[in-house]
Amino acid sequence: MVLSLAACTSKEQPRDDRALRAAQTYYEALCAGNYEAYMQGISDIDSLPPVYRDQLLVNVKQFMARQKAEHGGISEVRAVTFKSDSLQHRTDVFLMLCYGDSTKEEIVVPMVERGGAWRMKN
């Protein structure tokens with residue numbers, strides 16, 4: 001359904017809007033426990049030394065375990081807005097993390113475009 005909706009759209013998404021949607025998608029994968037999909041959203045992840053990549057994965061899993069223990073986990077990720085910085089060639093994406101205990105936290109995810117795809121800045 002999403003593909004057919006996108007195919008019917010006559011306008012191409014603005015670059016920065018794609019950054020916002022990509023960041024939201026990566027964090028939704030993280031919340032669903034799909035750590036590999038989240039990790040693939042990190043800029044230049046394939047060029048990192050395996051030891052460093054493995055440590056990042058451990059950190060991500062620890063982060064999610066801590067969120068579950070402290071707040072009942074992240075129940076929803078909402079896209080809020082974005083701000084582009086043309087001088088640094090990046091877009092800061094603002095996401096709202098909604099927790100299981102009904103608290104909310106706004107985070108900033110710096111995004112960079114690599115090879116036509118938006119990735120989280122490492």
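This short talk walks through the sheet, the nonpolar core and one arginine of the structure shown above.

Good morning. Please bear in mind throughout that the model is a predicted one.

I begin with the sheet. Four strands make up an open sheet in the order β1-β2-β3-β4, and their pairing is antiparallel. β1 and β4 are the edge strands, each of them pairing on one side only. From one strand to the next, the twist averages 35°.

Let us look at the individual pairings. Strand β2, residues 90–99, runs antiparallel to β3, and eight bridges join the two. Within this pairing, Thr91 has Met111 in β3 as its bridge partner. Strand β3, which covers residues 104–114, also pairs with β4 in the antiparallel sense, here over four bridges. In that second pairing, Val112 stands opposite Arg119 of β4. What lies between β3 and β4 in their hairpin? There are two residues between them, and Gly115, in the turn, has a positive phi of about 60°.

β4 itself deserves a further remark. In a regular strand, side chains alternate between the two faces of the sheet. Strand β4, residues 117–120, has Trp118 and Met120 on a covered face, whereas Ala117 and Arg119 belong to an uncovered one.

I turn now to the interior. The largest nonpolar core has 27 residues; those touching the most other members are Tyr27, Tyr38, Val93, Leu95, Val109, Met111 and Met120. At least two residues of this core come from each of α2 (15–31), α3 (35–40), α4 (50–71), β1, β2, β3 and β4. Which element gives the most to this core? The answer is α2, with seven residues.

Val93 may serve as an illustration. Apart from neighbours within four places in sequence, Val93 is in contact with Ala19, Leu20, Ala23, Thr81, Phe82, Ile107, Val108, Val109 and Met111.

Finally, I come to Arg78, which is located in strand β1, residues 74–85. Why does Arg78 count as partly exposed? Its relative accessibility is 37%, and the partly exposed class lies between the cut-offs of 20% and 50%. The side chain of Arg78 makes a polar contact of 3.2 Å with the side chain of Glu76. Setting aside residues up to four places away in sequence, Arg78 touches Gln24, Phe94, Leu95, Met96, Cys98 and Lys104. Arg78 and Arg21 are 57 residues apart in sequence, while their C-alpha atoms are 9.9 Å apart in space.

Thank you for your attention.

Technical notes: Residues are numbered from 1 along each chain as its sequence is written. This is a predicted model: local features need pLDDT of at least 70, side-chain atom pairs count only at pLDDT 80 or more; totals for chains, interfaces and linings use all residues. Side-chain values use heavy atoms; hydrogens and water are left out. Buried means under 20% relative accessible area, exposed over 50%, partly exposed in between (1.4 Å probe, protein chains only). Two strands pair if DSSP finds at least two bridges between them. Contact means heavy atoms within 4.5 Å. A polar contact is a pair of N or O atoms within 3.5 Å; within protein, one must be able to donate a hydrogen and the other to accept it, and residues adjacent in sequence count only if both atoms are side-chain atoms. Axes are lines fitted to C-alpha atoms, for helices over the stretch in contact, and angles run from 0 to 180 degrees between N-to-C directions. A nonpolar core is a set of buried Ala, Val, Leu, Ile, Met, Phe, Trp, Tyr and Cys residues joined through side-chain atoms within 4.5 Å.
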